[in-house]
Amino acid sequence: SKLGETSHLRALLLFDLEWRVGVSWEQLAIPMLLSPELSAVVGLEQMETLFANHKFLRLFDLELVFYRGPGADLPKSVGGLVHLRYLNLRGTEFNELPGSLGNLECMEILDLRVKNFVLVPNVLWKMKRLRHLYLPKEFSVSGSEKLQLHSLRNLETLKIFCSNSCEVDDLDKLFNLRKLAFSSYDCVGLEQVLEVGKITFRRLRCTSFTIYGEFSESNMEQLSGYRHPCDLFLKGRIEKLPVDKHFPDRIRK
C-alpha cells in the first residue's frame, strides 16, 4: 500500500535513513523509488509482493535493510526479475540464496556480501553479462563442491574470491578481469597465490590477498614468485619477519 501504483519503476532502493542521508541518485535518470519508510517494515511477504509487482526492475538495492534472524532465505520469486542488472544484498542476513538467481541473465553488478554465513547456488555462471561480482565472506555452495565462474568472460571485478569455495582454475578464463580480491583461511592460500601468479591476465590492474593462518619462513619464500601488482594482508602468527626479497616484486602494500 505504501508503494502505490509503482509497477513502472526501474529502480528500487530500500535503505537505512541514517546511513544514506545526503546521497544523491538523480544521475541514474530512470524511474525509481527511495524508501526509508518502507525499509523498516520489509519482511519476506513484503519482498514477495515487491518482486511480483515490479517485473521491470533493473536496479534493486537492499543494503543494510533486511534483518530477520536465522532461517530467512531470499525468496525464489527474485528469479522473476529477468530485467535486473544490479542487485545489492550487502549487509543483509539471508541464510540461503535461491537457484532462481540463474534466471537473471541481464545481471551486470551483483553484491552478495551478506552479514552471515550463506548457502549460494551454483548458478552464477549463467550471468554472462556480469561485470562486477562481490561474493560473501563466508559461504558454501549448494548442489556442487565449488562455485563455477568459468563462463563470466565479461567480469572486471571479482571480490571476495575464496579458494575453498571457488575453482582457482576458473580465473584463467576471465580474460577481462581487472580487479581481484582473494581470501584464504589457511596457509594453502600462499601456494594458490603462486597459482594465480602463473595466469596471464591481459587487463589485470591489481590483486589483493588476505590470508589467515600461521606463517613460516619457508612458506613466505614462495611469495617472491608472484608477478602481478598486489596488496598483501597476512593475518595470524608469523615465526620470523620475512626479508624484502621474499615479498612479491610488485607489491604495493
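**Briefing: salt bridges, strands and chain contacts in a predicted model**

Arg113 and Asp111 form a salt bridge in which the closest N and O atoms are 2.7 Å apart; the term denotes a side-chain nitrogen of Lys or Arg within 4 Å of a carboxyl oxygen of Asp or Glu. The model is predicted, so local features need pLDDT of at least 70 and side-chain atom pairs count only at pLDDT 80 or more, whereas totals for chains, interfaces and linings use all residues. Residues are numbered from 1 along each chain as its sequence is written, and side-chain values use heavy atoms, with hydrogens and water left out. Helices (H or I, at least four residues) and strands (E, at least two) are DSSP runs, numbered from the N terminus. Buried means under 20% relative accessible area, exposed means over 50%, and partly exposed lies in between (1.4 Å probe, protein chains only).

**Salt bridges**

- Three salt bridges are counted under this rule.
- Asp111, the acidic partner of Arg113, is buried, with a relative accessible area of 8%.
- Glu93 forms a salt bridge with Lys115, and their closest N and O atoms are 3.8 Å apart. Because Glu93 sits in the loop between strand 4 (86-88) and strand 5 (109-111) and Lys115 in the loop between strand 5 and strand 6 (118-121), the pair ties together parts that are 22 residues apart in sequence.
- The two partners differ in burial class: Glu93 counts as buried at 18% relative accessibility, whereas Lys115 counts as exposed at 57%.
- Arg131 forms a salt bridge with Glu108, with 3.3 Å between the closest N and O atoms. Arg131 belongs to the loop between strand 6 and strand 7 (132-134) and Glu108 to the loop between strand 4 and strand 5, so this pair ties together parts that are 23 residues apart in sequence.
- Arg131 is partly exposed at 29% relative accessibility, and Glu108 is also partly exposed, with a relative accessible area of 23%.

**Strands 9 and 10**

- Strand 9 (residues 157-162) and strand 10 run parallel and are joined by four bridges; two strands pair if DSSP finds at least two bridges between them.
- Within this pairing, Phe161 stands opposite Phe182 in strand 10.
- Strand 10 (residues 179-184) is largely enclosed by the rest of the structure, because five of its six residues are buried.
- Ile160 lies in strand 9, and the peptide bond that joins Lys159 to Ile160 is cis, with omega of about -5°.

**The loop between strand 9 and strand 10, and a charged patch**

- Ser165 is located in the loop between strand 9 and strand 10 and is buried, with a relative accessible area of 7%.
- The C-alpha atom of Ser165 is separated by 4.9 Å from that of Lys146, although the two residues are 19 residues apart along the chain.
- Glu167 is found in the loop between strand 9 and strand 10 and counts as partly exposed at 34% relative accessibility.
- Glu167 joins Glu145, Asp169 and Asp172 in forming a negative surface patch.
- Patches are made of residues with over 30% relative accessible area and no salt bridge, like charges being joined within 9 Å and nonpolar side chains (Val, Leu, Ile, Met, Phe, Trp, Tyr) within 5 Å. Lys and Arg count as positive and Asp and Glu as negative, while His and the chain ends are not counted. The place of a charge is taken as NZ of Lys, CZ of Arg, CG of Asp or CD of Glu. Accessible areas come from the Shrake-Rupley method with a 1.4 Å probe, and for residues only the protein chains shown count as cover.

**Other contacts between separated residues**

- Glu63 lies in the loop between strand 3 (59-61) and strand 4 and counts as buried at 10% relative accessibility. The C-alpha atoms of Glu63 and Gly91 are separated by 5.7 Å, with their positions 28 residues apart along the chain.
- Lys137 is placed in the loop between strand 7 and strand 8 (139-142) and is partly exposed at 49% relative accessibility. Lys137 and Phe117 are 20 residues apart along the chain, and their C-alpha atoms are separated by 7.7 Å.
- Asn53 lies in helix 3 (residues 44-53) and is partly exposed at 41% relative accessibility. Asn53 and Thr6 are 47 residues apart in sequence, yet 8.1 Å apart in space, C-alpha to C-alpha.
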